[in-house]
Amino acid sequence: YLESRIESFFWVLGDTSAPVKSRLGDVPAMTTPALQDGLMVVIYESKDSTLSYKDWDKFEKFINHKSLGPIERLHEDRGLPKTNFKESYRRYSKALLGIGAGQGKDRAFGLETEFILLKNPYAGDISTGIPVLLLYQNKPRINAQIEVFQRDLSGKVTVHYQQTDKNGRAVINVLPAHDYLLDAVILRKPNSKTEQTSGAVWESLWAATTFSVPK
């Protein structure tokens, strides 16, 4: 828990919500009693951080890994240098926690970019997968890459990639007794305020959500 890096950090359970209050350096960053049964959604938005790139190769690996489009051409069109430039980044993360029977629904929380799970992984039939919706500025992100991290009980992690469809949706096939992290990134030109305060020429926004599938 590092308060200096936090823009907002809160949880929602049914009709109840509250800010997360922790002590500096706490690991995990949030500890709370189980409260009532239901689906708890924990929402975290970071403050801006920056990365510096001495050369183009490292940045190119990032844009290829995240399938961010023709960034090199756009970079050149803007007359930007390919050495010694900065990227600003901000994270928008959600964690879904099942308490007791875990009944409840995920929903949009008005984040700049976010995932919404359209099925509850803790309650109901997910044998055909969990449909998810990816949003950017409250609109579906079409043909966007989702990186899916899957971890089994031994701690082994496997990774695969999916694309959202024309409605900004994808179906994530899941296995019992596994943990999941979904990740999707947008890269855009920063607004003038971000550009001035950070010196960044690009801004990345990271949407993520985590959940577990019971045994």
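**Exercise 1. The second largest pocket**

What volume does the second largest pocket have? Describe its lining as well.

*Solution.* The structure is a predicted model. The volume of the second largest pocket is about 240 Å³. Its lining consists of 15 residues, and those closest to the centre are Arg 151, Asp 179, Tyr 180, Thr 210 and Phe 211. The next step is to assign the lining to elements: two or more residues come from each of β5, β9 (145-151), β12 and β13. Strand β5 gives the largest share, which is four residues. Sorted by class, the lining holds nine nonpolar, four polar and two charged residues.

**Exercise 2. The largest pocket**

Determine how much space the largest pocket holds, and state which residues and strands line it.

*Solution.* Begin with the space, which is about 400 Å³. The lining comprises 18 residues, and Phe 9, Tyr 44, Arg 91, Ser 93 and Lys 94 are the ones nearest the centre. At least two lining residues are supplied by each of the strands β1, β3, β5 (85-99), β12 (178-188) and β13 (202-213). By class, twelve of the lining residues are nonpolar, two are polar and four are charged.

**Exercise 3. The pairing of strand β1**

Identify the strands that pair with β1, and find the partners of Val 12.

*Solution.* Take β3 to start with. Strand β1 (residues 6-13) is antiparallel to β3 (residues 38-46), and seven bridges connect the two. Within β3, Val 12 has Val 41 as its bridge partner. Now take β2 (residues 16-19), which is also antiparallel to β1 and is joined to it by four bridges. On this side, Val 12 faces Ser 17 of β2. Val 12 therefore serves as a link between the two pairings, with Val 41 in β3 and Ser 17 in β2 as its partners. Finally, examine the turn: the hairpin of β1 and β2 has two residues between the strands, and Gly 14 in this hairpin has a positive phi near 65°.

**Exercise 4. Backbone angles in loops**

Where in the chain are the cis peptide bond before Pro 28 and the positive phi values of Asn 84 and Asn 143 found?

*Solution.* A general rule is needed beforehand: most residues other than glycine have a negative phi, and most peptide bonds are trans.

1. The bond from Val 27 to Pro 28 is cis, and its omega is near 0°. Pro 28 belongs to the loop between β2 and β3.
2. Asn 84 is not a glycine, yet its phi is positive, near 55°. This residue lies in the loop between α2 (71-77) and β5. Its relative accessibility is 62%, and because the threshold for exposed is over 50%, Asn 84 counts as exposed.
3. Asn 143, likewise not a glycine, has a positive phi of about 55°. Its place is the loop between β8 (139-140) and β9. With a relative accessible area of 55%, Asn 143 is exposed.

**Exercise 5. Aromatic rings around Trp 56**

Classify the pairs that Trp 56 forms with Phe 59 and with Phe 85, and place these residues in their cluster.

*Solution.* The structure contains eleven aromatic pairs. In the pair of Trp 56 and Phe 59, the ring centres are 5.3 Å apart and the planes meet at 70°; the pair is therefore edge-to-face. Both residues belong to helix α1 (residues 56-65), and because they are three residues apart, about one helical turn separates them. Trp 56 and Phe 59 are both buried.

The pair of Trp 56 and Phe 85 is tilted, with 5.9 Å from centre to centre and 40° between the planes. This pair connects distant parts of the chain, since Trp 56 lies in helix α1 and Phe 85 in strand β5, 29 residues apart. Both of these residues are buried. The wider picture is a cluster in which ring pairs link Tyr 53, Trp 56, Phe 59, Phe 62, Phe 85 and Trp 206.

**Exercise 6. Arginines over rings**

Which rings do Arg 78 and Arg 91 lie over?

*Solution.* Arg 78 is placed over the face of Trp 202, 4.7 Å from the ring centre. Arg 91 has its charged end over the ring of Trp 206, at 4.8 Å from the centre of that ring. Two earlier results meet here: Trp 206 is a member of the aromatic cluster, and Arg 91 is among the residues nearest the centre of the largest pocket.

Notes: Residues are numbered from 1 along each chain as its sequence is written. This is a predicted model: local features need pLDDT of at least 70, side-chain atom pairs count only at pLDDT 80 or more; totals for chains, interfaces and linings use all residues. Side-chain values use heavy atoms; hydrogens and water are left out. On a 1 Å grid over the protein atoms alone, a cavity is a set of points where a 1.4 Å probe fits but cannot get out, and a pocket is an open set with protein on both sides within 12 Å along at least five of seven lines; lining residues have an atom within 4 Å of a point. Grid points are joined across faces, edges and corners, and a volume is the space filled by probe spheres set on the points. Ala, Val, Leu, Ile, Met, Phe, Trp, Tyr, Cys and Pro count as nonpolar, Asp, Glu, Lys and Arg as charged, and the others, Gly among them, as polar. Buried means under 20% relative accessible area, exposed over 50%, partly exposed in between (1.4 Å probe, protein chains only). Rings of Phe, Tyr and Trp (its six-membered ring) pair if their centres lie within 6.5 Å; planes under 30 degrees apart count as stacked, over 60 as edge-to-face and the rest as tilted. A charge sits over a ring if NZ of Lys or CZ of Arg is within 6 Å of the ring centre and within 35 degrees of the ring normal.
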